[in-house]
Amino acid sequence: MFELRLVCPESAVEPISDALQALDALSVSAEDADADTQAEQALFGEPGLPPPAPGWSRTTVVALFTQEGAAREAAALLAAQDFFAGSLVQSVAPVPEQDWVRLTQSQFDPVAITPEFWIVPSWHEVPAAATRVIRLDPGLAFGTGTHPTTRMCLRWLAAHPPTGQRVLDYGCGSGILAIGAALHGARVVDAVDIDPAAVQATQANAAANGVSIHSGLPDAAHGLYDTVLANILATPLKVLAPLLCAHVAAGGALVLAGILERQTEELQQAYRPWLALQVADAQDGWVLMTATRAR
Ligand SMILES: C[S@@+](CC[C@H](N)C(=O)[O-])C[C@H]1O[C@@H](n2cnc3c(N)ncnc32)[C@H](O)[C@@H]1O
């Protein structure tokens, strides 16, 4: 594993991060370069990098690559871009495998959804209070339970256990919601995603949790479901409105996440021809919206 480290003005973080992802970085993270005195001292006087002007904060961007050549190529390509002006590549260096594993693991602690319902990475002991546990390790697919949108969906499932139900997880990522539904007694769980890697991750994670889930590409969703969960983003959720609503059985529930507070009304409007969405939960600027189909 190789780490490309650069420092840039805050305004360049987004285009640089987007470019690094397009250049196949495994991960991209950003931190305030001037929050750390050592970093400040190390950078001071470095050629090519002006000292920060008042009110102009610098950011350290760190990208991980599997190959050194890819990291160096990304550095060279970035340096040729207009948006890279005022930025500086600091280093391309190997990351010791041990440290990388520890670093990744240290970022994923057990997450409590309710006092009894937890998400616990495989390298952690299960907390004594946990009686219902999803074992999940960070992988390529989204959904480790650390994001508020995922947590709100799981909280909703714990409060409305789908015992004996047919459940659809639309946009399953790691399969975390599908597994949560199965652990809360769902009879049938279908989990679909446009990303084949997510479909595979869901299969593997379901097996690791000892639950049965049918995962596939979106056309694997068929018929009516008592609960339809979709944690995607507002724009695809609006496009998917007729399709998702068509899958909700009489008396069934639609549960949507990935919606920012300010997008509440546009979602209500998009779903109004079929179902009346209401805000059911909110966390860190995100909302959970739900609707029930009349019997
Ligand atoms: C934010 S992740 C949610 C993952 C997981 N369900 C959770 O709650 O943590 C959204 C997932 O939806 C998938 N997705 C995005 N657009 C989609 C679409 N039009 N149809 C199906 N899946 C989609 C993405 O590939 C991604 O895995």
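These are my notebook entries on the ligand site and on one residue, R295, in a predicted model.

**Ground rules.** I number residues from 1 along each chain as its sequence is written. As the model is predicted, local features need pLDDT of at least 70 and side-chain atom pairs count only at pLDDT 80 or more, while totals for chains, interfaces and linings use all residues, and side-chain values use heavy atoms, with hydrogens and water left out.

**Entry 1, the shell.** I looked up the residues around the ligand (a heavy atom within 4 Å of it). There are 16, and F142, T150, G171, D193 and N231 come nearest. I sorted the shell by class and got 8 nonpolar, 5 polar and 3 charged residues. Here Ala, Val, Leu, Ile, Met, Phe, Trp, Tyr, Cys and Pro count as nonpolar, Asp, Glu, Lys and Arg as charged, and the others, Gly among them, as polar.

**Entry 2, atom pairs.** I then checked N and O atoms within 3.5 Å of each other. A polar side-chain atom of D193 is 2.6 Å from a ligand oxygen. A polar backbone atom of G171 lies 2.9 Å from a ligand nitrogen. For I194, a backbone N or O atom is 3.4 Å from a nitrogen of the ligand. Taken alone, the ligand exposes 600 Å², of which the protein buries 83% (Shrake-Rupley method, 1.4 Å probe).

**Entry 3, R295.** Is R295 buried or exposed? I noted it as exposed, because its relative accessibility is 85% (exposed is over 50%, buried under 20%, partly exposed in between; 1.4 Å probe, protein chains only). R295 and G251 are 44 residues apart in sequence, yet their C-alpha atoms are 4.6 Å apart.

Definitions and conventions. A polar contact is a pair of N or O atoms within 3.5 Å; within protein, one must be able to donate a hydrogen and the other to accept it, and residues adjacent in sequence count only if both atoms are side-chain atoms. Helices (H or I, at least four residues) and strands (E, at least two) are DSSP runs, numbered from the N terminus.
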